[in-house]
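Reader: I am new to this structure and should be grateful for a close look at a single part of it. Please then set that part within the rest of the protein.

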Amino acid sequence: MSYIFAILLFSFLIFIHELGHFIAAKAFGVQVNEFSLFMGPAIFKKQVGQTLYSIRCIPIGGFCAMEGEDEASDNPHAFPNAAWWKRVIILAAGAAMNFLTGVVLLACFFAPDKQFILPTVSEVDPRCSFAESIQPGDRIVSLDGEKIYVYSDFSLILSLNPGDVHDLVLERNGEKVVLNDLNMAKQDFENEDGTVSQRFGFSFTLVDASFGQTMRYTWASTRDTVRMVRLSLQMLFTGKAGVEDVSGPVGIVTQMAQVADNSGSRYYAFLNLLYFGGFIAINLAVMNLLPIPALDGGRLVGVLLTTAIEAVTHKKLNPKIEGYIHGIGMILLLILMALIMFKDIIFAIKG
């Protein structure tokens, strides 16, 4: 059941993405030739007006095929013949729908919480090595140049920047306090039972949940998730992470199912899948806007470039040229996805 629910949730996120394109296209009078859920051979088709609605047999993905999307068309309702700003909105609508869905799923995940931990200092042990630098009530704004959205960011950023010396920015009584080259090494502290453990020597603030606090925490987690995409890409480009750390649809569904199976109860499994779904939805939104051919971001760049060139030259460019570029990008993207899917299947079998 965990795998089935994970597949349905992942497919729902793809459907929502394509639905965004579909709604925007219809709103601006662009002809949609086919709107499909899933890929592969069709198992259901229904023509309604100018649009063919279909359900296909491979439960991954989907598409919104617009008239003249990658080729010239004399149809006044073709995608290339729409105003450039309408095309930009249509292309961005898929990512926008994913982003909004992610925010809603995260809000649903945090809604049952009774309390939240904020990145605000609650208590400071006087034995702490930097006790004179921080005070109760200080809100941690950033660490080593990275913003702190939720309290868990503190340990995350520290793990990405090994060493004891760090730069800390605080907000104290509405004013910014900058602490450069601060020694933040963990120390040995004696516990009440006589044992010794290593910690920083300060604690974060625990507050009761309210509707406003839940919404603020949801938005902070959303911004944190967007930042995680950028950090992940940085790790890939710098070699801190490899292709083996990248997951495709199979790997994502497997991870979602594993999270559900390890949740302890159906209730917490459902909540954890909501969180994972929100995390993936926001990731899909950001990744789709990257300026890579075949992705929505690449198409957005293409629209802006062709619009600028046509404004200067006063000549209509052949949309087939852009179509060829996105076609090549799609082939390369499919090859990459196939390799990642093969890796995910092997790891799933071994796991």
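How do the residues of the lining of the largest cavity divide into nonpolar, polar and charged?

Author: The model is a predicted one, and the description that follows should be read with this in mind. The lining of the largest cavity divides into nine nonpolar residues, no polar residues and no charged residues. The residues concerned are Val121, Phe130, Ile134, Ile140, Phe154, Leu168, Leu170, Met184 and Phe202. Phenylalanine therefore appears in this lining as Phe130, Phe154 and Phe202, which count as nonpolar by the classification that includes Phe. The space in the largest cavity comes to about 40 Å³. When the whole structure is searched, one cavity of 30 Å³ or more is found. As to the approach behind such a search, rolling a probe the size of a water molecule over the atoms shows where empty space is left.

Some of the chain around these lining residues can be followed in more detail. Strand β4 covers residues 139–143 and strand β5 covers 146–147, with Asp144 in the loop between them. Asp144 has a phi near 55°, which is positive although the residue is not glycine. For comparison, most residues other than glycine have a negative phi. Asp144 counts as partly exposed because its relative accessibility is 25%, and a residue must fall under 20% to be buried.

A second loop joins β6 (165–172) to β7 (175–183), and Asn173 is found there. The phi of Asn173 is also positive, near 55°, in a residue other than glycine. With a relative accessible area of 76%, Asn173 is exposed, because the value is over 50%.

The protein as a whole gives the setting for this part. It contains eight helices and 10 strands. Of its 351 residues, 41% are buried. Among the contacts with a separation of 6 or more, 63% are between residues 24 or more positions apart.

The helices offer a further view of the packing. Helix α2 spans residues 84–110 and helix α7 spans residues 296–313; their axes lie 9 Å apart and form an angle of about 175°. The two helices are therefore roughly antiparallel to each other, since that term applies to angles over 145 degrees. On the side of α2, the contact is made by Trp84, Arg87, Val88, Leu91 and Ala92, while α7 contributes Asp296, Arg299, Leu300, Val303, Leu304 and Thr307. These contact residues divide into seven nonpolar, one polar and three charged.

Helix α2 also holds Lys86. This residue counts as partly exposed, at 24% relative accessibility. The C-alpha atoms of Lys86 and Ala25 are 8.3 Å apart in space, although 61 residues separate the two in sequence.

Helix α6, residues 266–288, includes Ala269. Ala269 has a relative accessible area of 11% and is therefore buried. Between the C-alpha atoms of Ala269 and Gln258 there are 9.6 Å, the two being 11 residues apart along the chain. Asn283 belongs to helix α6 as well. The relative accessible area of Asn283 is 18%, so this residue is buried too. Leaving aside residues up to four places away in sequence, Asn283 touches Thr225 and Val229.

Technical notes
Residues are numbered from 1 along each chain as its sequence is written. This is a predicted model: local features need pLDDT of at least 70, side-chain atom pairs count only at pLDDT 80 or more; totals for chains, interfaces and linings use all residues. Side-chain values use heavy atoms; hydrogens and water are left out. On a 1 Å grid over the protein atoms alone, a cavity is a set of points where a 1.4 Å probe fits but cannot get out, and a pocket is an open set with protein on both sides within 12 Å along at least five of seven lines; lining residues have an atom within 4 Å of a point. Grid points are joined across faces, edges and corners, and a volume is the space filled by probe spheres set on the points. Axes are lines fitted to C-alpha atoms, for helices over the stretch in contact, and angles run from 0 to 180 degrees between N-to-C directions. Helices (H or I, at least four residues) and strands (E, at least two) are DSSP runs, numbered from the N terminus. Angles under 35 degrees count as roughly parallel, over 145 as roughly antiparallel, 65 to 115 as roughly perpendicular and the rest as oblique. Contact means heavy atoms within 4.5 Å. Buried means under 20% relative accessible area, exposed over 50%, partly exposed in between (1.4 Å probe, protein chains only).
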